[in-house]
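This report describes how the secondary-structure elements of one protein chain are arranged and packed. The model is shown below.

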Amino acid sequence: MSSNLNISKTVTLLLIDVQKGFRNEEYWGGNRCTPNLEENITKLLTRFRQLSLPVIHVKHDSINPSSPLHPSNVGNEIEDYAQALSTNNEPVLHKSVNSAFIGTDLEKRLRQQGTSVLIIVGFTTNHCCETTARMAGNLGFNVLFVRDAIATFDRHFQGKTIKSDDVHFNTLANLNEEFATIVTTEEVIETIDKFQ
């Protein structure tokens with residue numbers, strides 16, 4: 001699959017809500033999927049930095065004081081492994097809704113740097129990552145949704161529990177070939193290495 005990925009030098013890595021508040025799994029529904037998320041995001045960040053490719057971080061500032069992501073809580077902090085490097089000119093954009101395009105200058109930044117391919121990782125699959133991917137697709141970006149560097153939690157509705165793996169898989173199926181191309185970390189790394 002990786003040999004067919006449409007990745008060019010106009011690629012940007014977008015980290016969405018990689019924040020300490022998501023360690024509180026029970027708050028979000030429990031049973032997080034994608035156990036290798038941290039490792040895979042680290043791999044992608046490392047390779048993008050080695051190749052001097054653009055990286056943008058997005059941070060969720062919840063307006064709900066009881067949320068782990070509220071600015072008054074330690075959970076609002078970006079995870080240590082995903083901290084932005086000012087020396088690499090990695091901006092941190094702040095949002096308070098699901099889409100990383102709303103209330104930020106994300107689209108303007110992407111247009112100015114000539115981005116055509118947007119690679120999405122972070123939290124959560126079916127909320128901010130999905131919403132951002134859908135909007136990016138509608139704005140004309142080629143979106144790559146990295147299935148093993150994005151995670152979600154169980155969902156509870158009308159007395160039923162939908163397992164996180166199922167929520168994750170259903171989101172991937174909904175996005176695939178409509179708003180995004182579903183990829184793995186290794187496929188992204190293998191492909192960007194080819195044009196260096």
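Axes are lines fitted to C-alpha atoms, for helices over the stretch in contact, and angles run from 0 to 180 degrees between N-to-C directions. The structure discussed here is a predicted model.

**Helix pairs**

Two packed helices are described by the angle between their axes and the distance between the axes. The table gives these values for two pairs.

| Helix pair | Angle | Axis distance |
|---|---|---|
| α2 (residues 37-50) and α6 (residues 185-194) | about 10° | 10 Å |
| α4 (residues 125-138) and α5 (residues 164-175) | roughly 10° | within 11 Å |

With an angle of about 10° between them, α2 is roughly parallel to α6, because angles under 35 degrees count as roughly parallel. On the α2 side, the residues that meet α6 are Asn40, Lys43, Leu44, Arg47 and Phe48. Their counterparts in α6 are Thr185, Glu186, Val188, Ile189, Ile192 and Asp193. By class, this contact of α2 with α6 holds five nonpolar, two polar and four charged residues.

The axes of α4 and α5 cross at roughly 10°, which makes α4 roughly parallel to α5. Here α4 contributes Thr125, Asn126, Glu130, Ala133 and Arg134, and α5 contributes Val167, His168, Thr171, Asn174 and Leu175. The contact of α4 with α5 comprises three nonpolar, five polar and two charged residues.

**The sheet**

Six strands form an open sheet with parallel pairing, in the order β3-β2-β1-β4-β5-β8. Its edge strands are β3 and β8, each of which pairs on one side only. On average, neighbouring strands of this sheet are turned by 25° against each other, direction ignored.

At one edge, strand β2 (residues 55-60) and β3 run parallel and are joined by four bridges. The bridge partner of Val58 in β3 is Leu93. At the other edge, three bridges join β5 to β8, and these two strands also run parallel. In this pair, Phe145 has Ile182 of β8 as its bridge partner.

In a regular strand the side chains alternate between the two faces of the sheet. Strand β3 (residues 92-95) has Leu93 and Lys95 on a covered face, while Val92 and His94 form an uncovered one.

**Helices across the sheet**

Helix α4 lies across β1 (11-16), β2, β3, β4 and β5, and runs at about 170° to β5. Helix α6 lies across β4, β5 and β8, at about 135° to β5.

Which residues of α6 are buried? They are Thr185, Glu187, Val188, Ile189, Thr191 and Ile192. The cover over these buried residues includes α2, β4 (117-123), β5 (142-151) and β8 (181-183). Among the buried residues of α6, Thr185, Val188, Ile189 and Ile192 also take part in the contact with α2.

**Two buried residues**

Val58 is found in strand β2 and has a relative accessible area of 2%, under the 20% cut-off, so Val58 counts as buried. Leaving aside neighbours within four places in sequence, Val58 is in contact with Leu14, Leu15, Ile16, Asp17, Val18, Leu93, Lys95 and Ala100. The C-alpha atoms of Val58 and Thr104 are 9.3 Å apart, although 46 residues separate the two in sequence.

Ser164 is found in helix α5 and is buried, with a relative accessible area of 1%. Not counting residues up to four places away in sequence, Ser164 touches Asn31, Arg32, Cys33, Thr152, Phe153 and Asp154.

**Backbone features in loops**

Asn31, one of the residues that Ser164 touches, is found in the loop between α1 (25-28) and α2. Asn31 has a positive phi of about 60° although it is not a glycine, and is partly exposed at a relative accessible area of 39%. Ser52, likewise not a glycine, has a positive phi of about 55°. Ser52 lies in the loop between α2 and β2 and is exposed, with a relative accessible area of 66%.

The peptide bond from Phe123 to Thr124 is cis, with omega near -20°. Thr124 has its place in the loop between β4 and α4.

**Annotated span**

An unreviewed UniProt entry carries the annotation "domain: Isochorismatase-like" for residues 13-187. In the model, the end C-alpha atoms of residues 13-187 lie 14 Å apart, and the span is 31% helix and 23% strand.

Terms used. Residues are numbered from 1 along each chain as its sequence is written. This is a predicted model: local features need pLDDT of at least 70, side-chain atom pairs count only at pLDDT 80 or more; totals for chains, interfaces and linings use all residues. Side-chain values use heavy atoms; hydrogens and water are left out. Angles under 35 degrees count as roughly parallel, over 145 as roughly antiparallel, 65 to 115 as roughly perpendicular and the rest as oblique. Contact means heavy atoms within 4.5 Å. Ala, Val, Leu, Ile, Met, Phe, Trp, Tyr, Cys and Pro count as nonpolar, Asp, Glu, Lys and Arg as charged, and the others, Gly among them, as polar. Buried means under 20% relative accessible area, exposed over 50%, partly exposed in between (1.4 Å probe, protein chains only). UniProt positions are given in the numbering used here, feature names are shortened, and annotations may be inferred rather than shown by experiment. Two strands pair if DSSP finds at least two bridges between them.
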